[in-house]
Amino acid sequence: MLDAPPDEDTNPRPEAIWPTHAMRTGLSGVVAPRVIRLSGGTYRMFYTQILPQPGHPGGANDYDHSIARILSAHSTDGESWQPEPGVRLGPVDAGNDILRVVSSEVVPTANANTLRMYFECSAGSQSDSNSIRSALSTDEGLTWRLDEGDRLAKPGCNYSAPRIVFLDNGQSRLYCYERGLGIISAIAGMDGLEFQPEPGVRIAQDGPYDRYFAFAPEIICTPDTRHYVMYYAGYREPNRAFILRATSADGLNWIKEPQPAISPGPAGWDAAKSSEMCIIRLPTPTGSPPRYRMFYEACDGTAPGERGVWRIASATTT
């Protein structure tokens with residue numbers, strides 16, 4: 001799907017494409033895909049590009065000292081993707097103290113011509129406090145204007161990988177990862193701006209595949225039953241991540257399925273980790289069962305400590 005910049009290009013153009021055989025050792029990576037369907041029937045993918053910070057040559061393999069920005073790619077069929085020129089959202093857009101903007105969620109607003117992006121802002125280490133912020137676009141996601149304030153922030157807490165579900169009563173529920181706890185949720189009114197954390201943990205880090213952490217939820221509501229299905233990244237240990245599945249009748253209480261939906265390995269882009277994902281429904285002939293494509297971040301485990309190169313891969317239901 002989308003490859004990482006090679007080691008030699010530490011200041012890549014957003015639209016750059018490189019040879020597949022170029023040397024990559026994990027200095028740079030692409031992660032956190034989010035795909036929307038555009039008004040003309042084509043697709044735009046928002047994704048995060050991780051790069052080395054000056055003075056910290058470890059790049060993505062030294063994540064706490066890396067920089068990250070949100071880019072986009074375009075596709076006519078959801079299979080072949082062309083990176084687009086320009087940065088959709090960079091650290092400087094979110095504030096002078098920000099080092100990384102990561103993990104975008106893009107949803108419609110009450111204004112039919114406006115999109116809102118929710119994203120993680122980080123000024124340094126993953127152990128530091130950070131926040132979820134948002135921005136607006138009126139041109140299908142090419143340019144963004146920052147909303148004022150934070151959507152979710154609390155001293156001593158680190159949040160990441162936001163996802164939004166619109167409820168029947170007009171409220172918005174934000175799901176995200178809270179470091180040390182697992183997947184939590186927060187609720188907001190119709191404006192989608194003022195989120196209040198809900199009691200409890202939606203997905204706890206207590207299973208055989210998510211005991212290290214439960215991360216990056218993607219939630220869909222099945223149209224036939226009005227039940228919720230969540231896919232999320234379960235880290236069994238720092239160097240092994242699986243894509244797991246859970247179901248819920250109310251969006252608050254979740255039942256984990258016992259086996260992974262996608263497991264890493266034994267080779268290829270996802271040899272070590274299959275992580276943060278998004279799902280789109282593919283066009284389906286009338287009378288045929290629905291089909292879905294999942295885009296997910298994949299790590300090959302080829303760097304020391306089984307870190308390695310992060311790329312964006314995909315899988316499709318049969």
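Here are a few notes on Ser 185 and the nonpolar cores in this predicted model.

1. Let's start with Ser 185, which you'll find in strand 12, the stretch covering residues 182-188. With a relative accessibility of 1%, Ser 185 falls below the 20% cut-off, so it counts as buried.

2. What do the side chains of Ser 185 and Glu 198 share? A polar contact of 2.6 Å. The Ser 185 side chain also has a polar contact with the side chain of Arg 202, this one at 2.8 Å.

3. Now for the rest of the surroundings. Leaving out residues up to four places away in sequence, Ser 185 touches Arg 173, Leu 174, Tyr 175, Pro 197 and Leu 252, along with Glu 198 and Arg 202.

4. On to the largest nonpolar core, which has 17 residues. The members touching the most other members are Val 31, Ile 50, Phe 213, Phe 215, Tyr 235 and Trp 310. Two or more residues each come from strand 1 (29-37), strand 15 (213-221) and strand 16 (228-237). Strand 15 supplies the largest share, with three residues.

5. Val 31 is worth clicking on in the viewer. Setting aside neighbours within four places in sequence, Val 31 is in contact with Ile 50 and Trp 310, and also with Tyr 47, Thr 48, Glu 297 and Ile 312.

6. Don't overlook the other core, which lies apart from the largest one and has 16 residues. Among them are Ile 183, Ile 203, Met 230 and Tyr 232.

Definitions and conventions:
Residues are numbered from 1 along each chain as its sequence is written. This is a predicted model: local features need pLDDT of at least 70, side-chain atom pairs count only at pLDDT 80 or more; totals for chains, interfaces and linings use all residues. Side-chain values use heavy atoms; hydrogens and water are left out. Helices (H or I, at least four residues) and strands (E, at least two) are DSSP runs, numbered from the N terminus. Buried means under 20% relative accessible area, exposed over 50%, partly exposed in between (1.4 Å probe, protein chains only). A polar contact is a pair of N or O atoms within 3.5 Å; within protein, one must be able to donate a hydrogen and the other to accept it, and residues adjacent in sequence count only if both atoms are side-chain atoms. Contact means heavy atoms within 4.5 Å. A nonpolar core is a set of buried Ala, Val, Leu, Ile, Met, Phe, Trp, Tyr and Cys residues joined through side-chain atoms within 4.5 Å.
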